[in-house]
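Let's walk through this one by following its charged pairs and then its nonpolar packing. Have the model open in your viewer as you read.

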Amino acid sequence: MDQSGQPDNLHPILSDLVLFDGASVPLTFTGDGKLLFKGQRQQCLTVEKEVIGFALEGSRIRLKTVVEKRDRICCFGSSGDLVRQSFVFEPQSQDSLTLWSQKLRDYIDSLGRPKRLLIFVNPFGGKKSATKIFSEDVKPYLEDADIHITLIETKHQLHAKEVAKTMDLSKYDGIVCVSGDGILVEVVNGLLEREDWSAAIKMPIGLIPAGTGNGMVKSLLHAAGEPCSASNAILTVIRGYKRSLDVATISQGKTRFFSVLMLAWGLIADIDIESEKYRWMGSARIDFYAVQRVFCLRHYNGRISFVPAPGFEDYGEPTSYHGESTSEESQTQELSLKTEQHGYLGSGVKLENMRWRTISGPFVSIWLHNVPWGGEDIMAAPDAKFSDGYLDLIMLKDVPKLALLSLMSNMNDGNYIKSPHITYIKVKAFLLEPGARVDDPTKEGIIDSDGEVIARGNGTYMGDQKTLMTYNKLQITVDQGLATLFAPK
């Protein structure tokens with residue numbers, strides 16, 4: 001606050017006459033990052049939100065901005081579509097041009113925006129449109145922001161994981177995945193398998209929707225009230241805001257998989273994986289196969305155990321921890337393993353000291369979610385938070401088929417969890433002990449995490465394919481805010 005009583009950030013950083021649209025107009029740069037100028041009307045640009053970058057063109061400065069498509073530009077937000085637009089100013093002298101350039105650069109640099117990005121484009125995912133989306137909807141914004149990019153088109157499954165595991169972190173300010181959720185999962189697993197995982201996992205990751213499942217970027221943009229589009233997503237990266245993300249460690253013996261989205265067993269997993277046989281139908285395959293599964297409903301024997309979040313302690317029955325020991329002997333074994341296998345080994349929390357609850361089957365579906373949206377039109381876990389240290393458990397034990405069909409037809413707003421057939425619990429840790437199908441004990445199920453099969457039982461779709469884990473007891477723990485994402489402010 002100065003002696004006039006006004007906040008310092010309302011005073012001009014710089015004010016001068018410039019040529020704009022052929023007329024001499026006053027241009028003012030305020031301490032709170034606004035550019036005020038008057039052409040045919042008073043106009044205002046907020047640098048933090050609307051100015052992507054600028055370039056010097058001889059004696060002129062070209063501001064590269066993104067503004068909302070409407071008749072007038074002002075400092076007040078609305079819900080218009082975003083468009084790229086340039087504003088060209090010509091200061092009256094070379095000294096003035098240099099000063100404007102320096103003040104703009106200093107302010108933009110103070111925002112902590114990324115300057116070097118590693119970008120993965122998955123040309124095979126979804127509708128195979130990621131390359132086009134990058135060229136038409138992403139690259140122009142990056143060029144306006146003068147961000148140096150290293151582009152990698154993934155060639156095969158786990159390609160992004162291999163790169164993330166060995167990349168030189170010092171060369172980049174962030175990683176961007178132009179894909180569905182799969183490349184994000186690969187990148188997180190690659191970063192956590194590094195010897196320097198604790199530094200690597202702090203590398204911010206950006207998401208551009210270009211796949212079948214875009215649950216993470218939908219969750220990020222929806223939380224900020226923004227449409228799930230490539231332009232909104234890349235602007236999120238350019239602006240450089242960040243938020244933490246919980247990471248779940250799924251373990252079975254010494255085998256680990258790091259999950260950021262969800263784990264499913266039963267109905268949801270069956271639909272997600274078995275519908276692959278109808279991939280020629282495009283995204284309609286999910287709905288088509290879901291109807292089949294509803295009318296030929298499967299029930300699975302098994303048991304779940306969990307550590308409930310506060311407020312959910314009355315669900316299930318009390319039980320003792322019956323997973324892998326976290327005793328001193330076990331920790332010694334883990335230390336021995338660490339000398340053989342670099343990377344993050346999961347949370348060191350003493351699970352046997354926690355208060356466990358248990359529920360026995362049969363089950364129709366078990367679904368654990370880390371973020372609200374499972375896809376662009378499926379709000380699976382409306383109460384899920386990005387970094388609350390809990391997973392949201394959606395459990396279905398029994399339900400009339402018509403009621404289930406109605407539930408699955410109304411998952412775009414999250415209200416389905418209000419059904420009396422749905423049990424919705426927040427959990428800190430989880431044990432899954434999957435069993436066989438009730439109708440045919442010779443057949444078992446599929447365990448799906450983040451769109452990938454991590455375990456297949458007997459008699460399942462493509463059951464001869466090797467998986468990371470066996471169809472047996474597995475354990476899930478949550479590390480609060482372990483990863484970092486580019487996110488809207």
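Start with D32, which has a relative accessibility of 26% and so counts as partly exposed. What does its side chain meet? In this predicted model, D32 and K34 form a salt bridge, with N to O at 3.5 Å. K34 is partly exposed too, with a relative accessible area of 24%. To pass as a salt bridge here, the nitrogen of the Lys or Arg has to be within 4 Å of the carboxyl oxygen, and the 3.5 Å of D32 and K34 fits that rule. As a general point, side chains of opposite charge can pair when their charged atoms come close.

Next, go to R62 and E57, whose side chains meet in a salt bridge at 2.8 Å, N to O. How exposed are these two? R62 comes out at 23% relative accessibility, which makes it partly exposed, and E57 falls into the partly exposed class with 30%. There's a third player here as well: R60 joins E57 and R62 in a network of salt bridges.

Now jump along the chain to R116, which pairs with D173; their closest N and O atoms are 3.0 Å apart. Where do the two partners sit? R116 belongs to strand β8 (residues 116-121), while D173 is in the loop between α4 (159-166) and β10 (174-179), so this salt bridge ties together parts that are 57 residues apart in sequence. R116 is partly exposed at 30% relative accessibility, and D173 is partly exposed as well, at 26%. If you tally every pair that meets the cut-off, you get 17 salt bridges.

So much for charges; on to the nonpolar side. In soluble globular proteins, nonpolar side chains tend to be buried together. How many residues does the largest nonpolar core have here? It has 121, and V178, V187, M216 and I304 are the ones with the most contacts inside it. That core takes at least three residues from each of two domains, domain 2 (116-240) and domain 3 (255-325 + 343-478).

M216 is a good place to zoom in. Leaving aside residues up to four places away in sequence, M216 touches D181, L184, L207, L245, V260, L261, V371, F386 and L485. Finally, there's a second core, separate from the largest one, with 22 residues; F29, I61, V67 and I108 are among them.

How values were computed: Residues numbered from 1 in each chain as written. Predicted model: local features only at pLDDT ≥ 70, side-chain atom pairs only at ≥ 80, totals over all residues. Heavy atoms only, no water. Buried < 20%, exposed > 50% of the residue type's maximum accessible area, 1.4 Å probe, protein only. Helix = DSSP H or I, 4+ residues; strand = E, 2+ residues; numbered from the N terminus. Core = buried A, V, L, I, M, F, W, Y, C linked by side-chain atoms within 4.5 Å. Domains from an automatic or database assignment. Contact = heavy atoms within 4.5 Å.
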